[in-house]
Amino acid sequence: MTDDQIRSLRCACGWEASGRFEELVIAAQEHGRRIHNMTPTNEEVEAMLLPIGPAGTADHRAQLDDVDARPA
Amino acid sequence: MSRSPTGWDVTSPVQAEIFTIWRSGDHLELTGPCGAAPWIVELGATDHPVEVVDRIVRDVVGDPLLVHSTSWRRDRDAVILSFVVVIDSGLVGEMPSVPITRSELARSEATAAPSDIATSAVVEHGLRHMAWLAKDDPIVAETLDDPWKMLLAAYVPEPFRALG
């Protein structure tokens, strides 16, 4: 996985985030710890991701704004 | 009142399922960080279920009025402990919230669990359990205000039960 690749992540509870892998690991671990009493590993986060677009695009910037935007 | 079938999910062998309930005037509503969907929490091998639920509700929602485990069942390849958490209306804030409607219970066979248990049936049993506690448990009776107890009076009281 390249660092600038944009991915999305969705939790079964409805929480979603998009961004770079490192950002999503942080967001997913914060969401998991806070809401579900669990802390996913980097490997577990990677297994849940889907690629959605290249870095640096307008879509990318908008997606980054969404990282951990939802409280749940 | 369902979770997404796709996406990342809690997979531990023991899980807590939290139903965060509040009184909105003349009816009860279901809320929480996952909205009307069950709020699933991982329970580790050394975790005390009630302590984990109480802590996580305090951290995410605010101080609960009551935390009670109301049933258990086998589902999602795990043992699920269901909790009713009663909160004050002031804690709902921006969380999604939906009115709770009555539902048929999932009844067991004489020696076997029900084959399928809907979330609404778990909530129905949870409120019947709270109706029982409101009559049997002095702390619950003291904590719930009269409008709450009037609403619970419509539920047939039931103790803690294995749903599946």
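**Entry 1. Where the two chains meet**

I began with the boundary between the chains in this predicted model. I counted 14 residues of chain A in contact with 17 residues of chain B. Next I asked which elements of chain A give two or more residues to the side that touches chain B. They are strand E1 (6-10) and helix H1 (21-36) of chain A. H1(A) gives the most, with three residues. I then sorted this side of chain A by class and noted nine nonpolar, three polar and two charged residues.

**Entry 2. Confidence in chain A**

I looked up how sure the predictor is of chain A. The mean pLDDT of chain A is 76, and 65% of the residues score at least 70. Where in chain A is confidence lowest, and where is it highest? I found the low end in helix H3 (residues 58-66) of chain A, with a mean of 45. The high end is H1(A), at 94. I also marked residues 56-72 of chain A, where pLDDT stays under 50. For this stretch the model has 29 contacts beyond four places in sequence.

**Entry 3. Layout of chain B**

I moved on to chain B and listed its secondary structure: four helices and seven strands. Read from the N terminus, the order of elements is β-β-β-α-β-β-β-α-α-α-β. Chain B has 164 residues, and 38% of them count as buried. I also checked how far apart in sequence the contacting residues are. Among contacts in chain B with a separation of 6 or more, 65% are between residues 24 or more positions apart.

**Entry 4. The largest nonpolar core**

I looked up the largest nonpolar core and found 55 residues in it. Which of them touch the most other members? They are Ile18(B), Ile21(B), Val41(B) and Val85(B). I then traced the elements that give two or more residues to this core. Chain A supplies H1, while the elements from chain B include strand E1 (14-24), strand E2 (27-31), strand E3 (39-42) and helix H1 (49-60). E5, helix H2 (119-136) and helix H4 (146-152) of chain B are also on the list. The largest share, eight residues, comes from H2(B).

I picked Ile21(B) for a closer look. Leaving out residues up to four places away in sequence, I found that Ile21(B) touches Leu28(B), Glu29(B), Leu30(B), Val84(B), Val85(B), Val86(B) and Ile100(B). One of these, Val85(B), is also among the core residues that touch the most other members.

**Entry 5. Two positive phi values**

I checked the loop between strand E4 (66-75) and strand E5 (78-86) of chain B, where Arg76(B) lies. Phi of Arg76(B) is near 55°, a positive value in a residue other than glycine. Asp77(B) lies in the loop between E4 and E5 as well. Its phi is near 60°, again positive in a residue other than glycine.

Are these residues buried or exposed? Arg76(B) is partly exposed, with 18 other C-beta atoms within 10 Å. Asp77(B) counts as exposed because it has 9 C-beta neighbours inside 10 Å, and the cut-off for exposed is 12 or fewer.

**Entry 6. Gly44(B)**

Last, I looked up Gly44(B), which sits in the loop between E3 and H1 of chain B. Gly44(B) has 12 C-beta neighbours inside 10 Å, so it counts as exposed. I also took a distance from Gly44(B) to Trp132(B), which is 88 residues away along the chain. Their C-alpha atoms are separated by 29 Å.

Notes: Residues numbered from 1 in each chain as written. Chains lettered and ligands numbered in written order. Predicted model: local features only at pLDDT ≥ 70, side-chain atom pairs only at ≥ 80, totals over all residues. Contact = placed C-beta atoms within 7 Å. Nonpolar A, V, L, I, M, F, W, Y, C, P; charged D, E, K, R; others polar. Buried ≥ 20, exposed ≤ 12 C-beta atoms within 10 Å, placed from the backbone. Core = buried A, V, L, I, M, F, W, Y, C linked by C-beta atoms within 7 Å. pLDDT = per-residue confidence, 0-100.
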